[in-house]
Structures are given as structure tokens and as C-alpha cells.
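Visitor: I'd like a close look at a single part rather than a quick tour of everything. Could you pick a good starting point and then show me how the surroundings are put together?

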Amino acid sequence: MMRPCSKWSAIRSTSAMGDHISLKSQWVPVCPVDELGVGDQTTIELASGEQCLVINSDGELFAVSALCTHRALSLAGGIVQRGVIVCPWHRARFNLATGQGSRPASGPIKTYEVAEIDDYICVRERENES
Ligand code: FES
């Protein structure tokens, strides 16, 4: 897992001032590492308004869009096993690493970078995302 600690002080300073913190290349703190145990998931809203679902699947962290590409309903609460989340509405399955989905999904879900920084789980946009 990545531990890019160099930007963390800047993130905390920006966050403390109440500014938008989800600018590209900036890490957004989600929660302390020990608050997201194996099998747990949590949803945060980014400054862009996007819902980001952060998941601990068998000890590996993933961050993906919280909205299913079938009918834009929430994936939160979906069963997670071995890096795959099952949409609780119509059972589309999404690979948490790639975002690729099975039918009836209409396409992949967005994935985010996730890292542990100073004992916090943090997410950010991927550099190649528009
Ligand atoms: S809303 Fe997810 S499969 Fe239909």
C-alpha cells in the first residue's frame, strides 16, 4: 500500500481552513485506519459532490464511486467478497480494483486512489481521470 506522506501536512492545513480539499492530486482524509476494519465500508461526499465508497475487502482498501452504473442507485451496503462488490439492487458485480461491472451494469464504476497516510485512510482522484 502507498504511504505518500509528503502531502499530508498540506491536506490538514487546507482542511482546517474549510477550503475544498478534493482537488486533483490532493488526498482527502476519510477516517482513521482503525475505524475501517476488514469487511467494513463507508461513504464520503467529495467537494465535487461525488459519493465515494471506501471498502476494506479482506484487508485491502478500495475506493470507488458509490453509484451503480445500472440505475445510479447506491452500492453502499452491497456484499463484498474478494475484491468484488455486488449491487444490492439488481446484483450487478463490480471489480473494486478496475471498476469493471457485469450485467445489468451499463459500464464500469469510477475508481479512486486510496492510501494510509499518518494513520488515516485517504482517497484522491486518479491522475488520468478527467
Ligand atoms: S442499480 Fe445496481 S444493478 Fe441495478
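Guide: Happy to. Let's start with cysteine 87, which is buried in this predicted model, with a relative accessibility of 2%. Cysteine 122 is buried too, at 0% relative accessibility; the cut-off for that word is under 20%. A biochemist will want to know about disulfides next, and the count is zero. For cysteine 122 the reason is distance: the closest cysteine sulfur belongs to cysteine 31 and is 9.2 Å away, so the two are too far apart for a bond. A disulfide would need the two sulfur atoms within 2.5 Å.

Now for the part I'd like to examine closely, the six-stranded sheet. This sheet is open, its strands pair in the antiparallel sense, and their order is β1-β9-β8-β4-β3-β2. The edge positions are taken by β1 (28-32) and β2 (41-45); each has a single partner strand, so one side of each has no neighbour in the sheet. From one strand to the next, the twist averages 30 degrees.

Let's walk across the sheet, beginning at the β1 edge. The partner of β1 is β9, residues 120-124, and four bridges join the two strands in the antiparallel sense. To find this pairing on your screen, look for proline 32, whose bridge partner in β9 is tyrosine 120. Ahead of β1, in the loop that comes after α1 (8-16), you will find glutamine 26. The C-alpha of glutamine 26 is 8.3 Å from that of valine 123, although 97 residues separate the two in sequence. Glutamine 26 itself is partly exposed, with a relative accessible area of 26%.

Moving inward, we come to β8, which covers residues 111-117 and includes threonine 111. Threonine 111 counts as buried, at 7% relative accessibility. The side chain of threonine 111 also has a polar partner: a contact of 2.9 Å with the side chain of arginine 126.

The next strand in the order is β4, residues 60-65, and serine 65 belongs to it. Serine 65 is worth a pause. Its relative accessible area is 14%, so serine 65 is buried as well. A polar atom of the serine 65 side chain lies 3.2 Å from the backbone nitrogen of leucine 67. Beyond its neighbours within four places in sequence, serine 65 touches Gln51, Leu53, Leu75, Ile109, Lys110 and Tyr112. Two of the strands we are visiting appear in that list: Gln51 and Leu53 fall within β3, residues 51-57, while Tyr112 falls within β8. As you turn the sheet, keep one rule in mind: in a regular strand the side chains alternate between the two faces of the sheet.

That brings us to the other edge. β2 and β3 pair in the antiparallel sense over five bridges, and one match to look for is threonine 42 with valine 54, its bridge partner in β3. The two strands form a hairpin, with five residues between them. In its turn sits glycine 49, which has a positive phi of about 95 degrees.

There is a second sheet to set beside this one. Its three strands run in the order β5-β6-β7, with antiparallel pairing, and this sheet is open too. Here β5 (79-81) and β7 (93-95) are the edge strands; each has a single partner, so one side of each is without a neighbour in the sheet. Neighbouring strands are turned against each other by 20 degrees on average, with direction ignored. β6, residues 84-86, pairs with β7 over three antiparallel bridges, and valine 84 faces asparagine 95 in β7.

Finally, let's zoom out. The protein has one helix and nine strands, and along the sequence the pattern reads α-β-β-β-β-β-β-β-β-β. Of its 130 residues, 40% count as buried. Among contacts with a separation of 6 or more, 45% join residues 24 or more positions apart. The exposed area is about 7100 Å², of which carbon and sulfur atoms supply 48%.

How values were computed
Residues numbered from 1 in each chain as written. Predicted model: local features only at pLDDT ≥ 70, side-chain atom pairs only at ≥ 80, totals over all residues. Heavy atoms only, no water. Pairing = 2+ DSSP bridges. Axes fitted to C-alpha atoms, helices over the stretch in contact; angles between N-to-C directions. Buried < 20%, exposed > 50% of the residue type's maximum accessible area, 1.4 Å probe, protein only. Polar contact = N/O pair within 3.5 Å; in protein donor to acceptor, adjacent residues only side chain to side chain. Contact = heavy atoms within 4.5 Å. Areas by Shrake-Rupley, 256 points an atom, 1.4 Å probe, with all protein chains shown as cover.
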